[in-house]
Amino acid sequence: MGRINTYAELSYFHIGNAIGGSQEWMTDPWMRLCGCAALAAVDSCIYFTLFCGEKRLCPFDVHHLTKALYRRFAGIMKPYLRPRYSGVSKLSLYEDGMNAYLKDMKNERLGMRLFPAGQPLADAQAVLTGQIDRKYIVPFLLLNPVSGEWRDYKWHWFLIAGYRWEEDRLFVKTITYGNSTWLPFDGLWDTVNDDNGGMILYYFREDCKNI
């Protein structure tokens with residue numbers, strides 16, 4: 001069976017000229033240096049509130065976000081996805097922290113599955129495009145990419161909010177540091193002896209059987 005979609009891009013939020021938030025706005029030194037996981041969670045909560053009508057995720061008015069409010073939300077998320085010397089270096093750490101936040105916010109609808117790195121590229125591509133087609137933002141942890149071309153993404157959490165096929169190669173829209181960039185997915189998925197990175201697969205519990 002051939003591919004149904006060759007292109008999909010999710011709506012996203014802006015704060016000023018930035019798409020999503022940015023670690024560069026953080027005044028807390030730890031958040032500025034190692035806060036990428038917490039900010040991936042913050043962006044996820046804002047996204048699901050704005051574009052999926054989800055409740056009990058964001059403590060602020062998502063229709064009137066400012067850098068100051070984003071920093072406050074990041075401060076709220078910090079204890080759940082605490083910056084540390086080694087970073088939030090496992091998918092399970094993100095899952096645990098985000099689940100604790102959801103529990104405290106009394107949100108029982110949003111769930112997560114883990115898709116670790118090291119699995120076949122074709123499987124990862126199918127999972128990623130399926131998530132985007134179902135309107136789920138995808139947090140991605142890249143630890144040790146094979147190519148030095150990805151050094152700006154090494155040991156880093158970012159978000160994927162779209163994809164496009166160019167002939168037989170998949171490109172994805174990455175969002176980090178308030179910017180978006182289209183990158184080849186195979187380069188992001190090609191890692192060195194490491195299966196701790198990979199993707200967080202969100203789902204709404206009533207849709208669980210379809211994912």
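This text follows helix α2 through its helix contacts and on to an internal cavity. The model is predicted.

Start with helix α2, residues 36-52. One partner is helix α4, residues 91-104. The two helices pack at an angle of about 45°, and their axes lie 11 Å apart. Angles from 65 to 115 degrees count as roughly perpendicular and those under 35 as roughly parallel. α2 and α4 are therefore oblique to each other. The crossing of α2 past α4 is right-handed.

Which residues make this contact? From α2 come Ala37, Ala40, Ala41, Ser44 and Cys45. From α4 come Tyr94, Met98 and Tyr101. By class, seven residues in the contact of α2 with α4 are nonpolar and one is polar. None is charged.

Now turn to helix α3, residues 67-77. Its axis and that of α2 come within 9 Å and cross at roughly 115°. Here too α2 makes a right-handed crossing. On the α2 side, the contact uses Ala38, Leu39, Ala41, Val42, Asp43, Cys45 and Ile46. These meet Tyr70, Phe73, Ala74 and Met77 in α3. The class count for α2 with α3 is 10 nonpolar residues, no polar ones and one charged. Ala41 and Cys45 appear in the α3 contact, and Ala41 and Cys45 are also listed for α4.

Next comes the cavity. How many cavities of 30 Å³ or more does the model hold? The count comes to one. The largest cavity encloses about 120 Å³ of space. Its lining has 15 residues, of which Gly21, Leu39, Trp157, Thr176 and Tyr177 are the closest to its centre. Three elements each give two or more residues to that lining: α2, β6 (156-166) and β7 (169-176). By class, the lining has nine nonpolar, five polar and one charged residues.

Leu39 links the two parts of this account. Leu39 of α2 meets α3, and Leu39 is also among the residues closest to the centre of the largest cavity.

Notes:
Residues numbered from 1 in each chain as written. Predicted model: local features only at pLDDT ≥ 70, side-chain atom pairs only at ≥ 80, totals over all residues. Heavy atoms only, no water. Axes fitted to C-alpha atoms, helices over the stretch in contact; angles between N-to-C directions. Helix = DSSP H or I, 4+ residues; strand = E, 2+ residues; numbered from the N terminus. Parallel < 35°, antiparallel > 145°, perpendicular 65-115°, else oblique. Left-handed = near helix turned anticlockwise from the far one by under 90°. Contact = heavy atoms within 4.5 Å. Nonpolar A, V, L, I, M, F, W, Y, C, P; charged D, E, K, R; others polar. 1 Å grid on protein atoms, 1.4 Å probe; cavity = no way out; pocket = protein on both sides within 12 Å on 5 of 7 lines; lining within 4 Å. Points joined across faces, edges and corners; volume = space filled by probe spheres on them.
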